[in-house]
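Subject: Structure for you, with notes

Hi,

Here is the structure I promised to send over. Have a look at it first, and then read on for my notes on the side chains.

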Amino acid sequence: MSRKQQHTPVLVVGAGLAGLSTALFLAWHEVPALVVERHRGMSPHPRARGINPRAMELMRSVGLEEEVRATESARALAGNSGVYAAQSLAGHQLGALHEQYFMDVRTDLSGLTPTGWCLCHQDEFEPVIRRRAEELGSRFRYGTELVSFRQEEGEHGITAELRDRDTGETSVVTADYLVAADGPASPIRAQLGIGVEGPGTTGHFLNIHFEADLAEQLGERRFIMCYTFNDDLRGALMPLDNARRWLLHVTFDPASEDPESFTEERCRDLVRAAAGVPDLDVKVIGAMPWEAAGRWAASFGSGRVFVIGDAAHVMPPSGAFGSNTGVQDAHNLAWKLAAVLSGQAGPALLDSYDAERRPVGAATVEQAVLRSKDRPRLADKEPAPSNPAIHADTEVWFGGQYRSAAVVAPAGDDGPDGVWNPLPGGRPGTRAPHVVLERAGVRVSAVDLFTRNLVLLAGADAQAWTGAGRAAARLLGVTLDVLRFGEDGLADPDGSWNAAYGVGPQGAVLVRPDGVVAWRSEGAHAEAAAVLAGVLAHVLAR
């Protein structure tokens, strides 16, 4: 047994999508993380596959959009759209999802985002993230489990004991911070004594990964999912390549049967029932049970430990919010950890992670649960109206509003009550809107301006704000990108920026590295330098 010791700024436990994203975004901010994962490699199961437009914006911000879209599954499924219900793949179609809240992958989102949906299987998405994270300096140790950890006073507040599952060798790692991305059961969250809230279990499912030639039954259709309702099963078919590879979600009741009862032959029979082909030749690749549930952690952190992804929230897959919400957790937390570790921000900035992401996480869980309850209506001949509490997909992707100490919102400028803001309009606490701009003669999105640093974006007549921004940044020793329309080739060719951001030509907005508006002024101010110094100090907990 060895007791080798090393230090890392951030220790991430769990190399699922949320843990990998944390390592990527931290490394993007020049904070190399150490990620440990108890499994000996990455999961080969397709699992989640819908990367929503907001998550794709985040991939775009670190230069990965095109690589993700170039994966085999993304190319194969690029033309797929629609959610249907049928007796079976070969049987009578019962209905389709046409609700106003549902934004299909073919919905024109060009007025909201520079990117869009990507259907990429998780087993292909995760390696793309890992490669980029490693290129930027993060390290990964698979087959390694966390034995114990403790929080201590002092410079390096985390001491963790790790064990190599193959050799039994143990090592001690110290870290400034620990990120728990260790799944729905989250032993780290349990050790911290953090409970969970929410409606709880909504169903139990088995994912059957299989190969079969269903070209004749599929025909020219290219859907995202087809719910199947017949006497032999209630499930959902998802094409993985529009050819031979498929996933089938099957419901089961653990009170009367266990996952082991789903033998290979039984899985084949279920696939045949879903396909509507009794003699179909089926190759079962694997089967994985999972629980659909709606829960969120009562706190997203304790001391120097933070929970993200499934450790922070679990939700039904309806809406494809789950893994995407974890990616956004990681993006929110990473810039804050980096700012604190570099000395640009005070430690209290990290309190805003819980204040911002927990309300959004809980509200997103509620939206996923409402959607899962809405899906059975697809099989009805005359379905009742959808639940009015369901918010539009675009609101869930782009309309979450943060209220925390990392946002400076003047009285009366904080939008409606609750998390979802259907008309964010550049308000502090909301995602900075997409508008098409020009930079050095090249058309770009405003979203593309916000990647690593705080950005002060000022109107064409806001020279006072840009000078004040540079002075305030020097005073506080803060890295701040100062941009003004009419300078350095930045232009607003369509004249849409002022209205989209809610400011005039003499106004300015401060945008955080996660693309969230931290503060804005509609016009000029006589004490611009003092105002901006105060805003920066407030946002960064200085």
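Let's start with a small puzzle: the charged end of which residue sits over the ring of Phe-262? That would be Arg-266, 3.9 Å from the centre of the ring. Before you go hunting for it, keep in mind that this is a predicted model.

There is another case of this kind, at Tyr-177. Here the charged end of Arg-304 sits over the ring, 5.0 Å from its centre. Tyr-177 also belongs to a cluster built from ring pairs, along with Phe-300, Phe-306 and Tyr-353. Two members of that cluster, Tyr-177 and Phe-306, turn up again as contacts of Leu-337, which brings me to the core.

**The nonpolar cores**

In soluble globular proteins, nonpolar side chains tend to be buried together. The largest nonpolar core here has 95 residues, and Phe-25, Val-68, Leu-337 and Leu-510 are the ones with the most contacts inside it. Helix H9, residues 322-341, supplies the largest share of this core, with 9 residues. If you want one residue to centre your view on, try Leu-337. Once you set aside its neighbours within four places in sequence, Leu-337 touches Val-10, Leu-26, Tyr-177, Val-179, Phe-306 and Leu-350. Apart from the largest core lies another one, of 27 residues, including Ala-86, Leu-89, Ala-212 and Val-282.

**Salt bridges**

A search of the whole structure turns up 29 salt bridges. I picked three pairs and a network to show you.

- Lys-336 and Glu-356 meet at 2.7 Å, N to O. Lys-336 is in helix H9 and Glu-356 in helix H10 (residues 351-374), so this bridge ties together parts that are 20 residues apart in sequence. Are the two partners buried or exposed? Lys-336 is buried, because its relative accessible area is 0%, and Glu-356 counts as buried too, at 1%.
- Glu-487 and Arg-470 form a bridge of 3.8 Å, N to O. Glu-487 sits in the loop between strand S22 (480-484) and strand S23 (490-491), while Arg-470 is in helix H12 (residues 463-476), so the pair joins parts 17 residues apart in sequence. Glu-487 is partly exposed, with a relative accessible area of 24%, and Arg-470 is partly exposed as well, at 34%.
- Glu-135 and Arg-132 are bridged at 3.4 Å, N to O. Both of them lie in helix H5 (residues 122-135), 3 residues apart, which is about one turn of the helix. Glu-135 is exposed, with a relative accessible area of 60%, whereas Arg-132 is partly exposed, at 21%.
- Glu-264, Glu-265, Arg-268, Asp-269 and Arg-272 are linked in a network of salt bridges.

**Aromatic pairs**

The count of aromatic pairs comes to 12. How are the rings of Phe-205 and Trp-290 arranged? Their centres are 4.7 Å apart and their planes are at 15 degrees, under the 30 degrees used as the limit, so the pair is stacked. This pair also links distant parts of the chain: Phe-205 is in strand S11 (residues 196-211) and Trp-290 is in strand S15 (residues 283-297), 85 residues apart.

That's my tour of the side chains. Shout if you can't find any of these in your viewer.

Cheers

Notes: Residues are numbered from 1 along each chain as its sequence is written. This is a predicted model: local features need pLDDT of at least 70, side-chain atom pairs count only at pLDDT 80 or more; totals for chains, interfaces and linings use all residues. Side-chain values use heavy atoms; hydrogens and water are left out. A nonpolar core is a set of buried Ala, Val, Leu, Ile, Met, Phe, Trp, Tyr and Cys residues joined through side-chain atoms within 4.5 Å. Buried means under 20% relative accessible area, exposed over 50%, partly exposed in between (1.4 Å probe, protein chains only). Helices (H or I, at least four residues) and strands (E, at least two) are DSSP runs, numbered from the N terminus. Contact means heavy atoms within 4.5 Å. A salt bridge is a side-chain nitrogen of Lys or Arg within 4 Å of a carboxyl oxygen of Asp or Glu. Rings of Phe, Tyr and Trp (its six-membered ring) pair if their centres lie within 6.5 Å; planes under 30 degrees apart count as stacked, over 60 as edge-to-face and the rest as tilted. A charge sits over a ring if NZ of Lys or CZ of Arg is within 6 Å of the ring centre and within 35 degrees of the ring normal.
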